[in-house]
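Subject: The structure we talked about

Hi,

Here is the structure I said I would pass on. Have a look at it first, then read my notes below with the picture open beside you.

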Amino acid sequence: MIDWNRVRDLRDKIGTDEFADVVDLFLEEVESEISALRGRDRPDRIEARLHFLKGSALNLGFEDFAALCQTGEHMASQGHANEVDIAEIIENYEKSRAAFMASLPQLEDT
């Protein structure tokens, strides 16, 4: 679900304080996009939102969530935005976020 090696590499590269800021920004921006998707966003915006979410997710190691976003992005680009399973994407994000936040304190010990 989470690529912890990616997370550690990012933390080590930018430092602990900056990493905390990146996590906060990630959560803030992703929550905003998720809110738009929950509101049954216009079909012509879904591809762009999923592209943004995919990139953000990959940066912070949310592998499964990124893969679902990529699949949805591809579907939307092919004219099938209404068939994208937004509920599955949101549910996966929520599970990924919970797993990330639960394990984040242990990351600080490594």
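Let's begin with one residue: in which helix does D17 lie? The answer is helix α2. Before going on, please keep in mind that this is a predicted model, and that the values below are computed from it.

**The charged patch**

D17 has a relative accessible area of 62%, so it is exposed, the cut-off for that word being over 50%. D17 also has company: D17, E18, D21, D24, E28 and E29 form a patch of negative charge on the surface. Two other members of this patch are worth finding on your screen. E28 sits in helix α2, which covers residues 16-38. With 59% relative accessibility, E28 is exposed. E29 is in helix α2 as well, but its relative accessibility is 33%, so E29 is called partly exposed.

You can also use these residues to get a feel for distances. Between D17 and D85 there are 36 Å from C-alpha to C-alpha, and 68 residues along the sequence. For E29 and S56, which are 27 residues apart along the chain, the C-alpha atoms are 8.7 Å from each other.

**The salt bridges**

How many salt bridges does the count come to? There are six. I'll walk you through three of them.

The first one I picked joins R11 and D12, whose side chains meet with 2.9 Å from N to O. What interests me here is the accessibility of the two partners. R11 has just 9% relative accessibility, and since buried means under 20%, R11 counts as buried. D12, at 54%, counts as exposed. So this bridge pairs a buried residue with an exposed one. As for its place, R11 is in helix α1, residues 4-14. Try selecting R11 together with V23: they are twelve residues apart in sequence, and their C-alpha atoms are 9.9 Å apart in space.

Next come R49 and E33, with side chains that meet in a salt bridge of 2.8 Å, N to O. This pair connects distant parts of the chain, as R49 belongs to helix α3 and E33 to helix α2, with their positions 16 residues apart in the count. Are these partners buried or exposed? Both R49 and E33 are buried. For E33 the relative accessible area is 16%, which is why it gets that label.

What does E33 touch, apart from residues up to four places away in sequence? The contacts are R49, F52 and L53, so R49 turns up here as well as in the salt bridge. If you would like one more distance from E33, take D44: the two are eleven residues apart along the chain, and 14 Å separates their C-alpha atoms.

The third bridge is between K54 and E73, where the closest N and O atoms are 2.9 Å apart. Here too the pair links distant parts of the chain: K54 is in helix α3 and E73 in helix α4 (residues 63-77), 19 residues apart. Helix α3 itself runs over residues 43-59. Both K54 and E73 are buried, and K54 has a relative accessible area of 15%, so it falls under the 20% cut-off. Leaving out residues up to four places away in sequence, K54 touches A66, C69, Q70 and E73. E73 is therefore on the contact list of K54 as well as being its salt-bridge partner.

**One more buried residue**

Last, please find S96, which lies in helix α5, residues 86-107. What is its relative accessible area? The value is 0%, so S96 is buried. Which residues is S96 in contact with, once its neighbours within four places in sequence are set aside? They are M1, I2, F62 and F65.

**Where to look again**

If you have time for a second pass, turn the model until you see the negative patch that includes D17 and E28. Then go to the buried pair of K54 and E73, and finish at S96 in helix α5.

Cheers

Terms used: Residues are numbered from 1 along each chain as its sequence is written. This is a predicted model: local features need pLDDT of at least 70, side-chain atom pairs count only at pLDDT 80 or more; totals for chains, interfaces and linings use all residues. Side-chain values use heavy atoms; hydrogens and water are left out. Patches are made of residues with over 30% relative accessible area and no salt bridge: like charges are joined within 9 Å, nonpolar side chains (Val, Leu, Ile, Met, Phe, Trp, Tyr) within 5 Å. Accessible areas come from the Shrake-Rupley method with a 1.4 Å probe; for residues, only the protein chains shown count as cover. A salt bridge is a side-chain nitrogen of Lys or Arg within 4 Å of a carboxyl oxygen of Asp or Glu. Lys and Arg count as positive and Asp and Glu as negative; His and the chain ends are not counted. The place of a charge is taken as NZ of Lys, CZ of Arg, CG of Asp or CD of Glu. Helices (H or I, at least four residues) and strands (E, at least two) are DSSP runs, numbered from the N terminus. Buried means under 20% relative accessible area, exposed over 50%, partly exposed in between (1.4 Å probe, protein chains only). Contact means heavy atoms within 4.5 Å.
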